[in-house]
Amino acid sequence: MATRIRLQRGGRKGYAFYSIVIADARAPRDGKFTEKIGTYNPNTNPATVDLNFDRALYWVETGAQPSDTVRNILSREGVYMMKHLRGGVKKGAFDEATMQKKFDAWKADKVKGVEAVRESEAKAKKEAAAKELEAEKKINEAIAKKVADKKAAAAAAKAEAEAAAKAEAEGAEAPAEAPAEA
């Protein structure tokens, strides 16, 4: 029986969520499977993988053929690195303690890289929010200036109208007083 390690689709339309399963090569994508060894969520950034490392390593060493996507996932999680290091132990190149030390160093470097990506994305998101806030402040200042100009123009027009009305009232009083004196 040819065994495959592949993804089994789940989730709703437009929001895929996958299970990583061991299945017969002849079984349909979402059909019968032998064992579920993890999950893969491509909707998060970076993609979230929950993997039973020991079982994945067992199936890879047994000869199960992964699909392209699963091969990339297993490679990123270190399954192929561990398989490679175990091969070195079997050949006598180094012992198990050295193998574990090398794997732990590789994994720590990988985790540091993922954390750097998360931090850079958080920083970019924060900068974008600050930029939006600054742009909004500029727009609000421009609007406030327009409103202030409009109010100043209205106040000036009102003052002008009052001055004209006062001048008109004074102008009407002055001629009325002049004939009374004559």
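**Exercise 1. In which strand is Gly 38 found, and is this residue buried or exposed?**

Solution. The model is a predicted one, in which local features need pLDDT of at least 70 and side-chain atom pairs count only at pLDDT 80 or more, while totals for chains, interfaces and linings use all residues. Residues are numbered from 1 along each chain as its sequence is written, and side-chain values use heavy atoms, with hydrogens and water left out.

Step 1: Gly 38 is found in strand β3, where strands (E, at least two residues) and helices (H or I, at least four) are DSSP runs numbered from the N terminus.

Step 2: with a relative accessible area of 9%, Gly 38 is buried, given that buried means under 20% relative accessible area, exposed over 50%, and partly exposed in between (1.4 Å probe, protein chains only).

Step 3: leaving aside neighbours within four places in sequence, Gly 38 is in contact (heavy atoms within 4.5 Å) with Ser 19, Ile 20, Asp 50 and Leu 51. Of these partners, Ser 19 is 19 residues away in sequence, yet its C-alpha lies 5.9 Å from that of Gly 38.

**Exercise 2. Identify the residues with the most contacts inside the largest nonpolar core, and follow Ile 20 outward from it**.

Solution. Step 1: a nonpolar core is a set of buried Ala, Val, Leu, Ile, Met, Phe, Trp, Tyr and Cys residues joined through side-chain atoms within 4.5 Å. The largest such core has 23 residues, and those with the most contacts inside it are Ile 5, Ile 20, Ile 37, Leu 51 and Leu 74.

Step 2: two or more residues of this core come from each of β1 (3-12), β2 (15-24), β3 (35-41), β4 (48-51), α1 (53-62), α2 (68-77), α3 (79-91) and α4.

Step 3: beyond four places in sequence, the contacts of Ile 20 include Ile 5, Leu 7, Ile 37, Leu 51, Val 70 and Ile 73, and among them are also Arg 6, Glu 35 and Lys 36.

**Exercise 3. Describe the salt bridge between Glu 35 and Arg 55, and set it beside that of Arg 26**.

Solution. Step 1: a salt bridge is a side-chain nitrogen of Lys or Arg within 4 Å of a carboxyl oxygen of Asp or Glu, and by this rule the count comes to seven.

Step 2: the closest N and O atoms of Glu 35 and Arg 55 are 2.9 Å apart. Because Glu 35 lies in strand β3 and Arg 55 in helix α1, the pair ties together parts that are 20 residues apart in sequence. Glu 35 counts as buried at 18% relative accessibility, whereas Arg 55, at 29%, counts as partly exposed.

Step 3: Arg 26 forms a salt bridge with Asp 24, with closest N and O atoms 2.8 Å apart. Here Arg 26 is exposed at 69% relative accessibility, while Asp 24 is buried at 17%.

**Exercise 4. Which peptide bond is cis, and where does Pro 46 lie?**

Solution. Step 1: most peptide bonds are trans. Step 2: the bond from Asn 45 to Pro 46 is cis, with omega near -5°, and Pro 46 lies in the loop between β3 and β4.

**Exercise 5. State how confidence, as pLDDT, is distributed over the chain**.

Solution. Step 1: pLDDT is the predictor's confidence in each residue, from 0 to 100; the chain averages 89, and 93% of the residues score at least 70. Step 2: confidence is highest in β3, at a mean of 95, and lowest in α4, at 86.
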